[in-house]
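Hello,

Here is the structure I said I would pass on. Please open it alongside this email, and read the notes below with it in view.

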Amino acid sequence: MSASASSLLYCVARRDGPVARVNHAATVVGSHVYTFGGYSNELVCSYTVAEDGYIRKFPIDIHVLSPASLRWRLLPSARRSESQDPHAVPFMRYGHTVCATEQRCVLLWGGRSDVMGACNRLFVFDTARRRWTAPKVRGSIPSARDGHSATFVDGTMYVFGGYDDDLTVLTNSMVALHVESRTWRHIECVGPPPLWRDFHTASNVGGRIFVFGGRMDSFGAGAYNELDEEYDNAVSVLDTQTHCWSKLECTGSIPVGRRSHSAVVLGTSIYIMGGFNGIYGNHYSDMYRLETADMVWSRVTLLGLPGPSPRRRHACVLVDDQLLLFWGTSPQRQPRSVREERVDDGNELVEQSDLFVLELVPSLCTLARLAVVKHNLPVAHLPKSLVDDVAMSWS
């Protein structure tokens, strides 16, 4: 059954994964979720220094999820393949972006590691051949950055905002890569652009890019450690045909400004989840829906199993009618109530490895399974298939 946008979601499953990551990048190719890199305190650092002083970079890793089994698998390192050019494999990084193309390839751009710094090379991963390439590009190649957004619209990848590594400032520039010709160009936009920012979201709805959230700098020209940090809840939209920015008035239950949240498009609606506000010092577990047809926000009610803890730097993707939200970082101490503020002052952050499955229109079988789990009902006399489903729902 095809789901339409709704302000109700059901948490139907939770699974623990093999790794805990933050600021990773994920996309969907076919029916599988591909997740690239990310940061973790448990990771071996993304480089080694040999005796001769040469820095050797570790390649980015790729985890693939099958929604049918809800199991992750780590793809073998591409560098071990005889047909793989090792110089075409990106180094391990975080704060990068990925976009899937119609050719079942994934474009990876930007991001950084603590030692290698930020990167502005384009990498392409062929999911069928499991092979990386680093094609030559031309045009107005943008400077290296992280915390930007990348949105794929009609064969073009639009990159907005982020932290400019060369200028050491946040940016609000828009650049675009025409994928077929591998040509970059700077987009000369008209209208009031969004403020300089990083770790926002940019969502494609009918050829228009909706920008929400992020950590903003109201001055724009200050050094990174001198930001006049802001968080607002305005929505700016870029028409990719006219290159015109507009700031749209919204009504309804408007969410507080935040960064490092996630956003997923379903039809003409955008769902945002979680995030962090540095002024209030709060992580969020709330979910909101923006109906772009009338620019009305509504708070999403989550039913079913317990949902994700407050978090940021996670990922959320749409596969068929399911939203899959996974990983990220959360405060070790959770708030006593939804109204408690500044819960993160001096609060250690915990990297998460969990995965949540959210559905808009669960089946009757799924609702029965949720009731079994929620009320801890006996399963001895249930069909084995349903027992297996119950076991897979919460682990």
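What follows is a short tour of a sheet, a pocket, the aromatic pairs, two cavities and a hairpin.

Please keep in mind that this is a predicted model.

**The sheet**

Start with an open sheet of four strands. Its order is β2-β3-β6-β7, and the pairing is antiparallel. Two strands sit at the edges: β2 (25-29) and β7 (71-74). Each of these pairs on one side only. From one strand to the next, the twist averages 25°.

Now look at one pairing in that sheet. β6 covers residues 62-66 and runs antiparallel to β7, with four bridges between the two. To find the register, go to His-63, which stands opposite Leu-74 in β7.

**The largest pocket**

Next is the largest pocket, with a volume of about 1,200 Å³. Its lining counts 38 residues. Which of them lie nearest the centre of the largest pocket? They are Ala-26, Val-98, Ala-150, Ala-202 and Ala-263.

Several strands each supply at least two residues of the lining: β2, β8 (94-100), β15 (149-153), β22 (201-205), β29 (262-266) and β34 (315-319). β8 gives the most, with six residues. By class, the lining of this pocket has 17 nonpolar residues, 19 polar and two charged.

**Aromatic pairs**

The count of aromatic pairs comes to 12. Two of them are worth a visit.

Take Trp-109 and Trp-184. Their ring centres are 5.4 Å apart and their planes stand at 55°, so the pair is tilted. Trp-109 belongs to strand β9 (residues 105-113), and Trp-184 to strand β20 (residues 183-186). The pair therefore ties together parts that are 75 residues apart in sequence. Are these two rings buried or exposed? Trp-109 is buried, at a relative accessible area of 0%. Trp-184 has 2% relative accessibility, so it counts as buried; the cut-off for buried is under 20%.

Phe-125 and Trp-132 make another tilted pair. Here the distance is 5.0 Å centre to centre, with 50° between the planes. Phe-125 counts as buried because its relative accessibility is 2%. Trp-132 counts as buried at 1%. These two residues also belong to one aromatic cluster, together with Phe-36 and Phe-123.

**Two cavities**

How many cavities of 30 Å³ or more does a search of the whole structure find? It finds two.

The largest cavity holds about 50 Å³ of space. Among the residues that line it are Met-273, Gly-274, Tyr-284, Asp-286, Arg-311 and His-314. β30 (269-277) and β31 (282-291) each supply at least two residues of this lining. β31 gives the most, with four residues. The lining of the largest cavity divides into five nonpolar, four polar and two charged residues.

The second largest cavity has a volume of about 40 Å³. Its lining consists of Thr-201, Ser-203, Phe-210, Phe-212, Val-235, Ile-270, Ile-272, Leu-290 and Trp-297. Three elements give two or more residues to it: β22, β23 (208-212) and β30. In the second largest cavity, seven lining residues are nonpolar, two are polar and none is charged.

β30 thus turns up in the linings of the largest cavity and the second largest cavity. β22 supplies residues to the largest pocket and to the second largest cavity.

**The β29 and β30 hairpin**

Last stop: β29, another of the strands that line the largest pocket. Ser-262, Val-264 and Leu-266 make up its covered face. Ala-263 and Val-265 make up the uncovered one. Ala-263 is also one of the residues that lie nearest the centre of the largest pocket.

β29 pairs with β30 in the antiparallel sense over five bridges. Leu-266 has Ser-269 in β30 as its bridge partner. The hairpin has two residues between the strands. In this hairpin Gly-267 takes a positive phi near 65°.

That is the tour.

Best wishes

Notes: Residues numbered from 1 in each chain as written. Predicted model: local features only at pLDDT ≥ 70, side-chain atom pairs only at ≥ 80, totals over all residues. Heavy atoms only, no water. Pairing = 2+ DSSP bridges. Axes fitted to C-alpha atoms, helices over the stretch in contact; angles between N-to-C directions. 1 Å grid on protein atoms, 1.4 Å probe; cavity = no way out; pocket = protein on both sides within 12 Å on 5 of 7 lines; lining within 4 Å. Points joined across faces, edges and corners; volume = space filled by probe spheres on them. Nonpolar A, V, L, I, M, F, W, Y, C, P; charged D, E, K, R; others polar. Phe/Tyr/Trp six-rings, centres within 6.5 Å; stacked < 30°, edge-to-face > 60°. Buried < 20%, exposed > 50% of the residue type's maximum accessible area, 1.4 Å probe, protein only.
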